[in-house]
Amino acid sequence: MAEIRIRKTNEIISGEENVRNFLNQFEVIYEHWDVNKLPAHLQENFSLTDDQKAEVLATFDTEIKDLVARRGYRTWDVITLSEATPNIEELLAKFEQIHTHTEDEIRAIVGGAGTFVIKGSDEIGYFDVNLLPGDLISVPENTVHFFTLTDDRKVVAIRLFVEENGWIAHPFEDPSFQKA
Ligand SMILES: CSCCC(=O)C(=O)O
Ligand SMILES: [Fe+2]
Ligand code: NI
């Protein structure tokens, strides 16, 4: 289950309802998928082939179509990151840059773990959203954020986009950025 840490105060927010209510004030949705639906050969597998990525998407087809119907996403993909990813350092460097997207996007963690660091109001500042398998959030249009891995450094995530072109990040310079 997802957990939040507010960087300014170190306050931890846990429990499904608390997490959802906290995120909803920033128009971030929080939902949970049943990752036990994933066939065994796709669980704990952090270097999926293209065919296996298609199997992951097929497993969550109902959930994806439901989000499409509710929120208008047009394209989706599966991303894996682990020590087996040849260009992991290069990819992570891009994901760890503070950025925005010009559309709302979905991130659903289906394996491993990941952290989205999101900028809330000026008062709240940056907060970490620590996600485990089954956790899904939205990153709203023009919301300042970045992504990083946990110490385990492995993740499998499904991403949904409105743009047909998929992931397009716009770097955001923030003098008030709060490290850790
Ligand atoms: C685990 S998703 C990779 C990062 C990403 O897509 C983003 O930061 O927008
Ligand atoms: Fe992003
Ligand atoms: Ni779960």
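The paragraphs below lead from the overall fold of this predicted model to the residues around its ligand and then to a set of annotated positions.

The secondary structure of the protein chain comprises four helices and twelve strands. Taken along the principal axes, a box of roughly 45 × 35 × 30 Å holds the C-alpha atoms of the protein chain. The radius of gyration of the protein chain is 16 Å, and because a compact globule with 180 residues would have a value near 16 Å, the two agree. Of the 180 residues in the protein chain, 28% are buried. Among the contacts in the protein chain with a separation of 6 or more, 76% join residues that are 24 or more positions apart.

Turning to the ligand, the residues that surround ligand 1 are I79, F95, R107, G114, F147, V155, A157, R159 and W167. Strand β11, which covers residues 155-161, supplies the largest share of this shell, namely three residues. Sorted by class, the shell around ligand 1 contains six nonpolar residues, together with one polar and two charged residues.

A further group of residues comes from the record rather than from the coordinates: in an unreviewed entry, UniProt lists H99, H101, E105 and H145 under "binding site". These residues span 47 residues in sequence, yet no two of their C-alpha atoms are more than 12.9 Å apart, and they therefore gather at one spot.

Two of the listed histidines, H101 and H145, can be followed in more detail. H101 lies in the loop between β5 (99-100) and β6 (105-112), whereas H145 belongs to strand β10, which is made up of residues 145-148. How do their surroundings bear on whether each counts as buried or partly exposed? A residue is buried if 20 or more other C-beta atoms lie within 10 Å of its own, exposed if 12 or fewer do, and partly exposed in between. H101 has 19 C-beta neighbours inside 10 Å and so counts as partly exposed, while H145 has 24 such neighbours and so counts as buried.

The contacts of these two histidines complete the picture. When residues up to four places away in sequence are not counted, H101 touches V139, E141, I168 and A169. With its neighbours within four places in sequence likewise left aside, H145 is in contact with F116, V117, I118, K119 and V139. V139 thus appears in both lists, as a partner of H101 and of H145.

Terms used: Residues are numbered from 1 along each chain as its sequence is written. Chains are lettered from A and ligands numbered from 1 in the order in which they are written. This is a predicted model: local features need pLDDT of at least 70, side-chain atom pairs count only at pLDDT 80 or more; totals for chains, interfaces and linings use all residues. A residue is near a molecule or strand if its C-beta atom, placed from the backbone, lies within 6 Å of it. Helices (H or I, at least four residues) and strands (E, at least two) are DSSP runs, numbered from the N terminus. Ala, Val, Leu, Ile, Met, Phe, Trp, Tyr, Cys and Pro count as nonpolar, Asp, Glu, Lys and Arg as charged, and the others, Gly among them, as polar. UniProt positions are given in the numbering used here, feature names are shortened, and annotations may be inferred rather than shown by experiment. Two residues are in contact if their C-beta atoms, placed from the backbone, lie within 7 Å. The radius of gyration is taken over C-alpha atoms; the globule rule is 2.2 Å times the number of residues to the power 0.38.
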